[in-house]
Amino acid sequence: MQLCLEKGCELPDLSLAELRELNPLFDQDFYSCLDLASVLALHDVQGGTAPAQVQRAIAEAKRRIEFIREEAHAHA
């Protein structure tokens, strides 16, 4: 965001008044959208960083590892 570049700050560092100068629809709840959990949750697509996607990826990796182990034991 241009204002952050000009001020040398991060988005959460902008005051609500500064945000409302950009758009009067900004409200206090805007800041809660910037926390890590909210940002990660936005990426709820296959391969994304949302917690549900990460859990799915971990479960799939465990299934693959188990399959490889079974295959290795079967040919040992």
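I will go through the overall form of this protein and then turn to one residue, glutamate 18, keeping in mind that what we are looking at is a predicted model.

Let me begin with the fold as a whole, where the secondary structure comes to four helices and zero strands, so that, read from the N terminus on, the elements run α-α-α-α. The radius of gyration is 22 Å, well over the 11 Å that the globule rule gives for 76 residues, and the protein is therefore more spread out than a compact globule. Taken along the principal axes, the box that the C-alpha atoms fill is roughly 70 × 25 × 15 Å.

The contacts and the surface can be put beside that picture. Of the contacts with a separation of 6 or more, 0% are between residues 24 or more positions apart, and buried residues make up 14% of the 76 residues. The protein exposes about 6,200 Å², of which carbon and sulfur atoms supply 59%. As for charge, there are 7 positive and 13 negative charges, and their mean positions lie 9 Å apart.

Now to the single residue: is glutamate 18, which sits in helix H2, spanning residues 16–22, buried or exposed? Its relative accessible area is 17%, and because the cut-off for buried is under 20%, glutamate 18 counts as buried. Leaving aside residues up to four places away in sequence, glutamate 18 touches Leu3, Lys7 and Asp13, and with lysine 7 there is also a polar contact of 2.3 Å that joins the two side chains.

Notes
Residues numbered from 1 in each chain as written. Predicted model: local features only at pLDDT ≥ 70, side-chain atom pairs only at ≥ 80, totals over all residues. Heavy atoms only, no water. Buried < 20%, exposed > 50% of the residue type's maximum accessible area, 1.4 Å probe, protein only. Polar contact = N/O pair within 3.5 Å; in protein donor to acceptor, adjacent residues only side chain to side chain. Contact = heavy atoms within 4.5 Å. Helix = DSSP H or I, 4+ residues; strand = E, 2+ residues; numbered from the N terminus. Rg over C-alpha atoms; globule rule 2.2 N^0.38 Å. Areas by Shrake-Rupley, 256 points an atom, 1.4 Å probe, with all protein chains shown as cover. Lys, Arg positive; Asp, Glu negative; His and termini not counted. Charge placed at Lys NZ, Arg CZ, Asp CG, Glu CD.
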